[in-house]
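Student: I have a model open and would like to go through it with you. May I ask short questions as they come up?
Tutor: Please do; we can begin as soon as it is on the screen.

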Amino acid sequence: AAVWSLGSNASGTDGVILTAGSAPGIYAFRGDDKNTYWRYEVLGSTWATQANAPGTVKEGGALAYDGGGYASGYIYALRGDGANAFWRYDIDANSWATRANAPANVKSGGALVYAGGYAYAFRGDGRTDFWRYDPGANSWSSMPAAPAAVNQGGALTTDGTYVYAFRGAGTNNFWRYDPGTNAWTSQANAPANVKWGGALVRLGGYIYGFRGDDKKDFWRYDIAANTWSSLALAPGTVKEGGSLTTDGTYVYAL
């Protein structure tokens, strides 16, 4: 059985969270057209304000961690809000740097994941654009278009080999991208349509997902079996800013 518990509260709209490091901290954008950026100490269950983002963040804002380890490595970020700004956060220095702009403006459904030494991104905004960022070269490449237009609720995660995606846009489409073959395939549809607040995170052999759309639905996808199941409902309805992450043991959610 899945059980939810309440941690310290954070508030905001279009926030995004992830876990970085072995002594886990969860980093979050507030969103809501603010530049506020926070860190949650998992062991102490406390929030602390970090250096403000270089600009305000709204729909399509996203974060992805490169796996560099606790108090090291970088977090990459899309600003969203109909802009192409792309930033890098230095965990150790608690500072931001501007990186090469995304190839086009990012809006609702924008998403980001780090896999195999690259960051992969959805543009969202009712488009099929899918990009890859090379940190070493500080440059972007266009990858094969998503199978259909991505909008609110678009989300990305990885199992270390493949990239998995919600299309969002009020659909139940769920896809897998193979970096080896550079191609997309459709996977088993989600149990219901996904919209604002749709989110994904992988833990072990499963991917966990929020439906969003002002609903409490919380699901688990079995990667090996290519099947979905419903888990305990979230404690409250999830909409804009709905996000998921894991510390390797538990799943955390805004």
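Student: Which residues have the most contacts inside the largest nonpolar core?
Tutor: They are Phe122, Phe130, Leu156 and Trp175, in a core of 16 residues. Please keep in mind that this is a predicted model.

Student: Which elements give two or more residues to this core?
Tutor: Strand 9 (111-115), strand 10 (118-122), strand 14 (163-166) and strand 15 (174-178) do so. Strand 9 gives the most, with three residues. As a general point, nonpolar side chains tend to be buried together in soluble globular proteins.

Student: Take Phe130. What is it in contact with, leaving aside its neighbours within four places in sequence?
Tutor: Its contacts include Tyr120, Ala121 and Phe122, as well as Leu156, Tyr177 and Trp184. Also among them are Ser141, Ser142, Met143, Pro144 and Ala146.

Student: Leu156 falls in a sheet, I think. What is the order of the strands in the open sheet that includes strand 13?
Tutor: The order is 13-14-15-16, and the pairing is antiparallel. Strand 13 (155-158) and strand 16 (183-186) stand at the edges; each has a single partner strand, so one side of each lacks a neighbour in the sheet. On average, neighbouring strands of this sheet are turned by 25° against each other, direction ignored.

Student: How many bridges join strand 13 and strand 14?
Tutor: Four bridges, in the antiparallel sense. In one of the pairs, Ala155 has Phe166 of strand 14 as its bridge partner.

Student: Changing topic: how many helices and strands are there in the chain?
Tutor: The chain has zero helices and 22 strands. Of its 254 residues, 47% count as buried. The chain exposes about 10,300 Å², and carbon and sulfur atoms supply 41% of that area.

Student: And what share of the contacts with a separation of 6 or more comes from residues 24 or more positions apart?
Tutor: Such residues account for 45% of those contacts.

Student: Now the other four-strand sheet. Which are the edge strands in the order 5-6-7-8?
Tutor: Strand 5 (62-65) and strand 8 are the edge strands, and each pairs on one side only. This is an open sheet with antiparallel pairing. Within it, strand 6 (residues 74-78) and strand 7 (residues 86-90) pair over five bridges. Ala77 has Trp87 in strand 7 as its bridge partner.

Student: Trp96 caught my eye. Where is it, in terms of strands?
Tutor: Trp96 is in strand 8 (residues 95-98).

Student: Is Trp96 buried or exposed?
Tutor: Trp96 is buried, because its relative accessibility is 15% and the cut-off for buried is under 20%.

Student: What does the side chain of Trp96 reach?
Tutor: The side chain of Trp96 reaches the backbone oxygen of Ala51 at 3.0 Å. In addition, a polar atom of that side chain lies 3.2 Å from the backbone oxygen of Asn52. Ala51 and Asn52 are also among the contacts of Trp96, together with residues including Phe29, Tyr37, Ala77 and Trp87.

Student: How far apart are Trp96 and Pro54 in sequence and in space?
Tutor: They are 42 residues apart in sequence and 6.9 Å apart in space, C-alpha to C-alpha.

Student: Tyr37 brings me to strand 3. Why is strand 3 largely enclosed by the rest of the structure?
Tutor: Strand 3 (residues 37-41) is described as largely enclosed because four of its five residues are buried.

Student: Which strands pair with it?
Tutor: Strand 2 (residues 25-29) pairs with strand 3 over five bridges, in the antiparallel sense, and Ala28 has Trp38 as its bridge partner there. Strand 4 (residues 46-49) pairs with strand 3 in the antiparallel sense over four bridges, with Trp47 of strand 4 as the bridge partner of Tyr40.

Student: How many residues lie between strand 3 and strand 4 in their hairpin?
Tutor: There are four residues between them, and Ser45 in the turn has a positive phi of about 55°.

Student: Last one: where does Ser243 lie?
Tutor: Ser243 lies in the loop between strand 20 (227-230) and strand 21 (244-246). It is buried, with a relative accessible area of 6%, and the side chain of Ser243 reaches the backbone oxygen of Gly241 at 3.1 Å.

Conventions: Residues are numbered from 1 along each chain as its sequence is written. This is a predicted model: local features need pLDDT of at least 70, side-chain atom pairs count only at pLDDT 80 or more; totals for chains, interfaces and linings use all residues. Side-chain values use heavy atoms; hydrogens and water are left out. A nonpolar core is a set of buried Ala, Val, Leu, Ile, Met, Phe, Trp, Tyr and Cys residues joined through side-chain atoms within 4.5 Å. Buried means under 20% relative accessible area, exposed over 50%, partly exposed in between (1.4 Å probe, protein chains only). Contact means heavy atoms within 4.5 Å. A polar contact is a pair of N or O atoms within 3.5 Å; within protein, one must be able to donate a hydrogen and the other to accept it, and residues adjacent in sequence count only if both atoms are side-chain atoms. Accessible areas come from the Shrake-Rupley method with a 1.4 Å probe; for residues, only the protein chains shown count as cover. Two strands pair if DSSP finds at least two bridges between them. Axes are lines fitted to C-alpha atoms, for helices over the stretch in contact, and angles run from 0 to 180 degrees between N-to-C directions.
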